Each structure stands twice: as C-alpha cells, then as structure tokens.
Amino acid sequence: MTLPACPQCGSELTYHDGVQFVCPECAHEWQEGESATEETLTVKDANGTPLADGDTVVLIKDLKVKGSSMVIKQGTKVKGIRLQEGDHDIACKIDGSAMNLKSEFVKKA
C-alpha cells in the first residue's frame, strides 16, 4: 500500500495511525482525501485585509502583556509575523520577546 505524501511539507515518510495519516517530519495530521488547499489558514486584520506570513503589521490599540506590567503601545510596528491557528492567531517578536497577538488588534502596514 502506497501512503500519500504530506500535504504540508511534501515528505514521503508518512504513516497511517488508525483513522488519520501522520507526518513524522512536521507532525502534520490529516484525514484521507484531505488536500493542502483545504487547510489554508485565512487571517484578516482589523480592517478585513488578509494577512500572510512575513507581513508587517501595526498595533491599533495599547495591549497589556499578560503576566507582566509591560504595555505594548498603539502604533508599534511588528515585522515578520507568522500565522497560526487558535485565538491568538499571530506569532511574532516584539523587542526580542516572543508574543502571540490577536489579529483584531492589528492592521497591515
């Protein structure tokens, strides 16, 4: 039986794990018949503009950093964002610290 290549990274080292396929290289899991086009992540900024990995965004609101007394000011430019799934759908670095942001608080620069 020939197993399909990973739709995310293209690896041929996939294996079948019960009801789904798993890629050991990127840890991607998918059901049979799923393609990479079905899993595209669409994230939009506060104005409805689609965002992509590597974009530069600007904060539209002062944000308190959870677990710290630090505040990230409105107008702060964040370069090289990475999109991810979940409530906080933007991963980035601000002043050298890794942060997760919600797309509703940024606009594309």
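**Strand pairing, turns and the largest pocket**

Asp95 is exposed, with a relative accessible area of 75%. In this predicted model, Asp95 occupies the loop between strands S11 and S12. Its phi is near 55 degrees, which is a positive value in a residue other than glycine. Most residues other than glycine have a negative phi. The loop belongs to the hairpin of S11 and S12, in which two residues lie between the strands. These two strands pair in the antiparallel sense over five bridges, and Met99 in S12 is the bridge partner of Cys92.

Strand S11, comprising residues 90-94, is mostly covered, since four of its five residues count as buried, that is, under 20% relative accessible area. S11 also pairs with strand S10 (residues 82-83), again in the antiparallel sense, through two bridges. Within this pairing, Arg82 of S10 stands opposite Ala91 in S11. S10 and S11 form a hairpin with six residues between them. In the turn of that hairpin, Gly86 has a positive phi of about 120 degrees.

A positive phi in a residue other than glycine is also found at Ala27, where the value is near 65 degrees. Ala27 lies in the loop between S2 and S3. With a relative accessibility of 59%, Ala27 counts as exposed, because the cut-off for that class is over 50%.

The strands on either side of that loop belong to an open sheet of three strands, ordered S1-S2-S3 with antiparallel pairing. Strand S1 (15-17) and strand S3 (29-30) stand at the edges of this sheet; each has a single partner strand, so one side of each is left without a neighbour in the sheet. S1 and strand S2 (residues 20-22) are joined in the antiparallel sense by three bridges. His16 stands opposite Phe21 in S2.

Another open sheet of three strands, also with antiparallel pairing, has the order S9-S6-S13. Here the edge positions are taken by strand S9 (77-78) and strand S13 (106-108), each with a single partner strand, so that one side of each has no neighbour in the sheet. Strand S6 (residues 57-59) runs antiparallel to S9, and two bridges join them. Val57 stands opposite Val78 in S9.

Asp55 lies in the loop between strand S5 (50-51) and S6. Its relative accessibility is 14%, so Asp55 counts as buried. The side chain of Asp55 reaches the backbone nitrogen of Ala52 at 2.8 Å. Beyond its neighbours within four places in sequence, Asp55 is in contact with Pro50, Val78, Lys79, Gly80, Ile81 and Lys108. Among these contacts is Val78, the residue of S9 that stands opposite Val57.

Ser103, in the loop between S12 and S13, is likewise a loop residue of low accessibility: at 10% relative accessibility, Ser103 counts as buried. A polar atom of the Ser103 side chain lies 3.2 Å from the backbone oxygen of Lys44. When residues up to four places away in sequence are not counted, Ser103 touches Val43, Lys44, Asp45, Ala46, Asp89 and Ile90.

Strand S12 also takes part in the lining of the largest pocket, which has a volume of about 280 Å³. Strand S7 (63-64) and strand S12 (97-101) are the elements that give two or more residues to this lining. S12 gives the most, with three residues. The complete lining consists of Leu63, Lys64, Val65, Lys66, Ile72, His88, Met99, Asn100, Leu101, Lys102 and Phe105. These lining residues divide into six nonpolar, two polar and three charged. Met99 thus links two parts of this description, because Met99 is a lining residue of the largest pocket, with an atom within 4 Å of a point of the pocket. In the pairing of S11 and S12, Met99 is the bridge partner of Cys92.

Note on methods: Residues are numbered from 1 along each chain as its sequence is written. This is a predicted model: local features need pLDDT of at least 70, side-chain atom pairs count only at pLDDT 80 or more; totals for chains, interfaces and linings use all residues. Side-chain values use heavy atoms; hydrogens and water are left out. On a 1 Å grid over the protein atoms alone, a cavity is a set of points where a 1.4 Å probe fits but cannot get out, and a pocket is an open set with protein on both sides within 12 Å along at least five of seven lines; lining residues have an atom within 4 Å of a point. Grid points are joined across faces, edges and corners, and a volume is the space filled by probe spheres set on the points. Ala, Val, Leu, Ile, Met, Phe, Trp, Tyr, Cys and Pro count as nonpolar, Asp, Glu, Lys and Arg as charged, and the others, Gly among them, as polar. Two strands pair if DSSP finds at least two bridges between them. Buried means under 20% relative accessible area, exposed over 50%, partly exposed in between (1.4 Å probe, protein chains only). A polar contact is a pair of N or O atoms within 3.5 Å; within protein, one must be able to donate a hydrogen and the other to accept it, and residues adjacent in sequence count only if both atoms are side-chain atoms. Contact means heavy atoms within 4.5 Å.
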